[in-house]
Amino acid sequence: KRVGVLISGRGSNLVSLIEAARAPDFPAEIVLVLSNKADAGGLQRAGDAGIATHVISHKGLSREAFDEAMVAALREAGVDIVCNAGFMRLHSAVFVRAWHGRQLNIHPSLLPSFRGLHPQQRAIDAGARIAGATVHFVSEEMDAGPIIAQGAVPLLPTDDEDALSARILAMEHRVYPLALRLVASGAARLEGERVVFADDAP
Ligand code: GRF
């Protein structure tokens with residue numbers, strides 16, 4: 001399967017996917033990295049790995065026009081699966097429909113808790129004792145699509161936002177490659193509103 005990764009920033013999850021995809025048995029290849037920001041650190045990481053990059057600035061474009069430009073770039077690269085990795089723009093309904101069952105996102109909380117911004121600080125504020133990362137299929141509602149994989153980490157009494165975010169990020173780097181492997185191999189697929197797993201899926 002051919003994968004396009006959408007980023008807006010440093011791209012550490014992108015790097016975890018690039019590294020996982022180097023395994024000879026990995027069922028997906030990253031063929032394009034798209035960013036809405038020209039200064040996203042992840043673009044350099046992709047270039048270093050020999051992966052094509054493309055910047056489409058959202059400035060001055062309507063959400064629909066921006067998403068149309070992204071769909072065009074992804075189609076041109078023959079992308080089958082889209083992975084959002086720290087991509088900080090909401091997708092239009094048209095974009096979500098274009099990749100139904102073929103678009104993943106990672107969120108630094110144990111969904112359905114703490115959708116949206118600053119989930120790590122909100123987990124601390126809520127007094128949660130466990131936090132984590134979730135990879136889910138993208139649906140029209142933000143951070144609300146069917147869950148593919150999750151990883152939990154402890155939330156320690158001494159944690160501030162940075163400490164917890166770092167612990168969650170390390171888990172993100174494990175769980176995103178796993179989820180992409182599941183989807184790209186067909187071991188996990190979207191059926192209606194549910195994820196169906198093959199009998200031998202982990
Ligand atoms: C990650 O925590 C991701 O879950 C969130 O934004 C952050 C992106 O980090 N959506 P990176 O760009 O992958 O390093």
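This text leads through a predicted model, from an annotated span to a helix, a ligand and a single residue.

The UniProt record, an unreviewed entry, places the feature "domain: Formyl transferase N-terminal" at residues 1-180. Within the model, helix makes up 36% of that span and strand 23%. The C-alpha atoms at the two ends of residues 1-180 lie 10 Å apart.

Helix α1 covers residues 12-21, and its buried residues are N13, L14, S16, L17 and I18. In an α-helix, one turn takes 3.6 residues, so residues three or four places apart point the same way. Which elements cover the buried residues of α1? The cover includes the strands β1 (2-7), β2 (29-35), β4 (81-84) and β5 (103-107). It also includes the helices α2 (41-48) and α6 (161-185).

Helix α1 also takes part in the surroundings of the ligand, where it supplies 3 residues, the largest share of the shell. The elements α1, β5 and α6 each supply at least two residues of this shell. In total, 15 residues surround the ligand, and the closest are R10, S12, N13, G86 and P108. N13 is thus both a buried residue of α1 and one of the closest residues to the ligand. By class, the shell consists of 7 polar, 6 nonpolar and 2 charged residues.

A further residue to consider is A69, which lies in helix α3, residues 63-76. Is A69 buried, exposed or partly exposed? A69 is partly exposed, because 16 other C-beta atoms lie within 10 Å, whereas a buried residue has 20 or more and an exposed one 12 or fewer. A69 and V55 are 14 residues apart in sequence, and their C-alpha atoms are 10 Å apart in space.

How values were computed: Residues are numbered from 1 along each chain as its sequence is written. This is a predicted model: local features need pLDDT of at least 70, side-chain atom pairs count only at pLDDT 80 or more; totals for chains, interfaces and linings use all residues. Helices (H or I, at least four residues) and strands (E, at least two) are DSSP runs, numbered from the N terminus. Two residues are in contact if their C-beta atoms, placed from the backbone, lie within 7 Å. A residue is near a molecule or strand if its C-beta atom, placed from the backbone, lies within 6 Å of it. Ala, Val, Leu, Ile, Met, Phe, Trp, Tyr, Cys and Pro count as nonpolar, Asp, Glu, Lys and Arg as charged, and the others, Gly among them, as polar. UniProt positions are given in the numbering used here, feature names are shortened, and annotations may be inferred rather than shown by experiment.
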